[in-house]
Amino acid sequence: MFNLDQLVADCRAVLREDRSQGFIREVVARTVSEPGAVLAALGDPKSAELQTLYHAPDLTILNVIWAPWMTLLPHNHQMWAVIGIYTGREDNIFWRRVGPRGQKIEAAGARALSVKDAEPLGSDIIHSVTNPIPRLTGAIHVYGGDFFAPGRSEWDPETLIEQPCDPAKIARQFADANAALTRHQRG
Ligand SMILES: [Fe+2]
């Protein structure tokens with residue numbers, strides 16, 4: 001049975017005892033090993049959103065719902081993260097810095113995540129995320145810090161040049177994705 005308090009307590013125990021991301025991955029893997037229980041607790045995804053389940057200076061847990069075919073531009077976190085999928089699919093492209101000042105990026109790898117997958121991301125990772133299927137995808141994202149703290153970067157999806165992360169732009173992207181979803185559902 002999924003229990004948010006238990007998930008927080010388990011993550012907190014790892015941070016207290018070890019601080020190793022690998023153990024957080026095990027916690028997240030255990031959580032999404034019963035996707036039906038997560039869906040029962042969090043509800044069936046209805047719209048794209050970044051839902052905050054837990055927020056502290058050293059730990060953030062989000063319920064991330066991706067709209068069908070939605071792509072979030074390349075961005076970094078500047079803290080480790082673990083992504084666990086409980087419904088749908090999430091494709092990650094991983095990027096690396098290139099060029100003299102390292103402000104541009106090039107694709108460096110990819111990982112297709114499916115239900116029950118729990119993927120650890122290093123603290124220096126740059127990724128973009130796509131939901132490649134025609135229904136909502138739901139994932140538990142655990143971050144080893146304050147996800148909403150300023151100072152992160154995103155990369156322009158056309159030029160691939162670094163710029164400060166703009167939370168308002170991300171919010172607009174989710175709103176646009178929901179508007180497209182509504183249009184699609186109305187046919
Ligand atoms: Fe991310």
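**Exercise 1. Describe the largest pocket of this predicted model by volume, lining and residue class.**

Step 1. The largest pocket has a volume of about 350 Å³. A pocket is an open set of points on a 1 Å grid over the protein atoms alone, where a 1.4 Å probe fits, with protein on both sides within 12 Å along at least five of seven lines. The volume is the space filled by probe spheres set on the points, which are joined across faces, edges and corners.

Step 2. The lining consists of 20 residues, where a lining residue has an atom within 4 Å of a point. Phe147, Arg152, Cys165, Pro167 and Ile170 lie nearest the centre of the pocket.

Step 3. At least two lining residues come from each of β2 (59-66), β3, β8, β9 and α4 (167-186). Helix α4 gives the largest share, three residues. Helices (H or I, at least four residues) and strands (E, at least two) are DSSP runs, numbered from the N terminus.

Step 4. Sorted by class, the lining has 14 nonpolar, five polar and one charged residues. Ala, Val, Leu, Ile, Met, Phe, Trp, Tyr, Cys and Pro count as nonpolar, Asp, Glu, Lys and Arg as charged, and the others, Gly among them, as polar.

Residues are numbered from 1 along each chain as its sequence is written. In this predicted model, local features need pLDDT of at least 70 and side-chain atom pairs count only at pLDDT 80 or more, while totals for chains, interfaces and linings use all residues; side-chain values use heavy atoms, with hydrogens and water left out.

**Exercise 2. Find the protein donors of the iron ion and place them in the chain.**

Step 1. The donors are NE2 atoms of His75, His77 and His127, at 2.0 to 2.1 Å from the iron ion. Donors are N, O and S atoms within 2.8 Å of the metal (3.2 Å for Na, K and Ca); water is not among the atoms, so sites may look incomplete.

Step 2. The spacing of the donor residues in sequence is H-x1-H-x49-H. His75 in strand β3 (residues 71-76) and His127 in strand β8 (residues 126-130) are 52 residues apart, and the pair links distant parts of the chain.

Step 3. His75 and His127 are both buried (under 20% relative accessible area; exposed is over 50%, partly exposed in between; 1.4 Å probe, protein chains only).

**Exercise 3. Which residue in the loop between β3 and β4 has a positive phi although it is not a glycine?**

Step 1. The residue is Gln78, with a phi of about 60°.

Step 2. Gln78 is partly exposed, at a relative accessible area of 47%.
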